[in-house]
Amino acid sequence: MELVEREIEEDLILPLRDTAARFAGYAHYLAYSSDVGESFRAVLPATAVRATYGVAGLYMLGDVFYNGYVESHKPGCTPTHIKRTPASRGRDEFRDFAFGRLTLAHSALFQFLASLTLPFLVIHNTVHLSEKYVFQTMSNVVVRRWGPSVVALSIIPGLPLADGPIESAIDYLFEHRVRCPKHPAAE
């Protein structure tokens with residue numbers, strides 16, 4: 001009990017509890033901003049829709065570089081943790097750099113497919129086709145205008161179901177088709 005009282009008296013600030021950093025866990029929802037913008041394509045100006053793609057793009061770049069940063073700082077991957085002989089020094093550093101680049105490429109491909117391309121294709125076509133074949137003939141102006149957006153918004157919660165298969169396909173591609181390059185001086 002004294003410890004709690006002492007923390008209150010000292011006005012201890014915990015970064016993950018008392019600062020804006022506590023919202024960092026919700027950053028992955030920014031990837032869906034383009035999905036929401038695409039859903040409202042029928043009612044929003046084109047610049048607003050493009051702005052949502054900009055927000056999603058910034059999130060994707062941040063995620064890709066974060067994954068690369070985490071990979072480059074794993075124990076055993078940094079130059080200070082690798083046991084090297086003078087003859088192997090350059091090859092190990094090259095291999096670490098190449099593996100880091102593969103991690104960046106893997107993450108970028110996943111973000112491009114799962115966070116941008118698939119949602120764009122699904123939601124854009126849903127808005128376009130429902131507007132053309134379902135809501136165009138509606139007599140109620142509100143339903144005709146907002147109907148495609150409501151249908152597209154209802155699809156967004158199901159989009160993460162495709163993340164697993166997309167990631168499995170990318171993993172297969174990188175495990176079976178993409179090879180880590182060998183150092184030119186390797187034996």
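**Reading a helical model**

Author: Let's start at the surface: the protein's accessible surface comes to about 12,800 Å², and 65% of that belongs to carbon and sulfur atoms. Such areas come from the Shrake-Rupley method with a 1.4 Å probe, and for residues only the protein chains shown count as cover. This is a predicted model: local features need pLDDT of at least 70, side-chain atom pairs count only at pLDDT 80 or more, and totals for chains, interfaces and linings use all residues. Residues are numbered from 1 along each chain as its sequence is written, and side-chain values use heavy atoms, leaving out hydrogens and water.

Reader: What is the mean pLDDT of the protein?

Author: pLDDT is the predictor's confidence in each residue, from 0 to 100. Here the mean is 76, and 66% of residues reach 70 or more. Over residues 77-91 pLDDT stays under 50.

Reader: How many helices and strands does the protein have?

Author: Helices (H or I, at least four residues) and strands (E, at least two) are DSSP runs, numbered from the N terminus. This protein has seven helices and zero strands.

Reader: Which residues make up the largest nonpolar core?

Author: In soluble globular proteins, nonpolar side chains tend to be buried together. A nonpolar core is a set of buried Ala, Val, Leu, Ile, Met, Phe, Trp, Tyr and Cys residues joined through side-chain atoms within 4.5 Å; buried means under 20% relative accessible area, exposed over 50%, partly exposed in between (1.4 Å probe, protein chains only). Here the six are Leu102, Phe110, Ala114, Ile166, Ile170 and Phe174. Helices α5 (89-135) and α7 (163-176) each supply at least two of them.

Key:
Contact = heavy atoms within 4.5 Å.
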